[in-house]
Amino acid sequence: MAKPLAGLRIADFTVHNAGPFCTHLLSQLGAEVIKIESAMRPDAFRKPHPVYGRMGPATFDQVASTKLSVRINLKKPEGIALAKRIVGLSDVAAESFRPGVMGRLGLGYDVLKAVKPDIVMLSVSSSGQSGPDSHFAGYAPLFGAWGGLGALTGYEDGPPVEIRHVMDHTVGMNAAMAVMAALHRRRATGRGTHLDVAARDVASSLVGEALLLAAAGGAPGRMGNAHARMAPHGVYPASGEDRWIAIAVAGDAQWHALAQAMGRPELSADPRFATAAARNDNQAALDEAVAAWTSTQDANAAAETLQAHGIAAHASWTTPELAGDAHLRARKAIVDVVEPDGTVRAAVGVPMRLSKGADVGIHRGTPKLGEHEDHVYGELLGMDRAERRRLEEAEIIY
């Protein structure tokens with residue numbers, strides 16, 4: 001069965017992570033995504049990452065698999081004209097530059113709308129296309145800081161904690177939802193639109209409960225791993241180097257079960273821990289008692305024991321454990337991808353499943369720069385070899 005977005009084409013000008021993750025999700029659902037970059041200014045994530053234990057572009061892999069790649073020099077008028085030809089055959093044009101950059105290049109929404117009247121244009125930026133702070137540059141940690149997430153994340157006696165890739169990916173998911181809404185509207189009305197997705201807005205949308213507390217006169221702050229109602233609730237040390245287990249106890253019955261599993265049934269009757277309110281008032285002593293047991297346990301074995309007792313618990317897994325997890329692989333949340341050079345690597349699949357045999361997900365590895373120009377320039381745009389050679393010699397296709 002064809003993927004649900006088969007037949008949809010996206011001209012992808014996005015860079016870094018948030019915008020590319022949006023188009024990456026759409027490509028896994030079947031959209032043909034044509035990534036536009038150049039040898040002069042390749043995507044910033046086309047670079048080695050030795051910190052990941054490899055000299056290939058690990059970060060780029062996770063937002064570029066399944067996409068097509070063509071080279072266009074957007075610094076030259078003919079390059080802009082070539083980009084417009086691709087947009088003219090597309091349903092969506094996506095970009096993630098600072099506000100105003102696409103306009104200065106000659107690829108703003110009004111221009112692209114003249115090329116393709118029903119085009120859906122997506123602009124992802126740090127603070128949006130309008131407003132007093134729209135000119136601000138930003139990356140993932142700043143989004144969390146601006147949006148209030150950082151101030152709520154961390155321990156009470158410590159500094160705010162940066163929100164990194166999860167912020168970029170959350171922005172990308174919001175952008176993908178916005179694109180689908182705009183395409184649905186276009187199908188009903190025949191009109192395109194310009195979508196303005198600001199990472200700062202997305203971050204702020206995630207702190208609604210804290211805003212309500214503040215409006216009511218409260219002072220929400222950093223709680224570490226604690227919870228307003230559940231205790232114990234946190235990540236506890238397990239046996240072995242840097243091994244941890246997450247445990248969340250929802251009520252008295254689960255607390256009694258945990259005390260039994262730990263071999264400390266007397267803790268159930270301890271007045272400091274007998275009720276949820278008492279446990280919350282004595283969290284330091286409670287965490288100490290739980291950690292005394294978990295520190296002697298294998299994280300995975302302890303998680304199985306606690307799950308058998310009806311307690312929400314799991315080891316804090318490392319990346320190799322995730323990559324080899326049978327459950328995630330059975331659901332295709334982790335998949336093996338064959339790269340153009342034959343290398344097989346583990347990759348993160350699309351986080352959703354469709355019934356009736358729709359095979360969504362990654363079906364092609366990370367594209368080499370300009371790998372799909374025969375298809376895009378030859379088959380889609382109908383350019384012959386002589387024209388392509390002329391554009392390459394003039395460093396338009398470059």
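The legends below describe close-up views of a predicted model.

**View 1. The open sheet of six strands.** Strands follow one another in the order 3-2-1-4-5-6, and their pairing is parallel. Strand 3 (68–71) and strand 6 (193–198) are the edge strands, each pairing on one side only. From one strand to the next, the twist averages 20°. In general, the strands of a sheet pair through backbone hydrogen bonds, in either a parallel or an antiparallel way.

**View 2. The pairing of strand 4 with strand 5.** Strand 4 covers residues 92–95 and strand 5 covers residues 120–125. The two run parallel and are joined by four bridges. Ala93 has Met121 of strand 5 as its bridge partner.

**View 3. Helix 17 across strands 1, 2 and 3.** Helix 17 is formed by residues 373–380. The helix lies across strand 1 (9–12), strand 2 (32–37) and strand 3. Its direction is at about 75° to strand 3, which is an edge strand of the sheet.

**View 4. Gly138 and its surroundings.** Gly138 sits in the loop between strand 5 and helix 6 (140–147). Its relative accessibility is 21%, so Gly138 counts as partly exposed; the buried class is limited to values under 20%. Apart from neighbours within four places in sequence, Gly138 is in contact with Ser126, Phe143 and Trp146.

**View 5. Gly138 and Ser96.** These two residues, Gly138 and Ser96, are 42 residues apart in sequence. In space, the distance between Gly138 and Ser96 is 11 Å, C-alpha to C-alpha.

Note on methods. Residues numbered from 1 in each chain as written. Predicted model: local features only at pLDDT ≥ 70, side-chain atom pairs only at ≥ 80, totals over all residues. Heavy atoms only, no water. Pairing = 2+ DSSP bridges. Axes fitted to C-alpha atoms, helices over the stretch in contact; angles between N-to-C directions. Contact = heavy atoms within 4.5 Å. Buried < 20%, exposed > 50% of the residue type's maximum accessible area, 1.4 Å probe, protein only.
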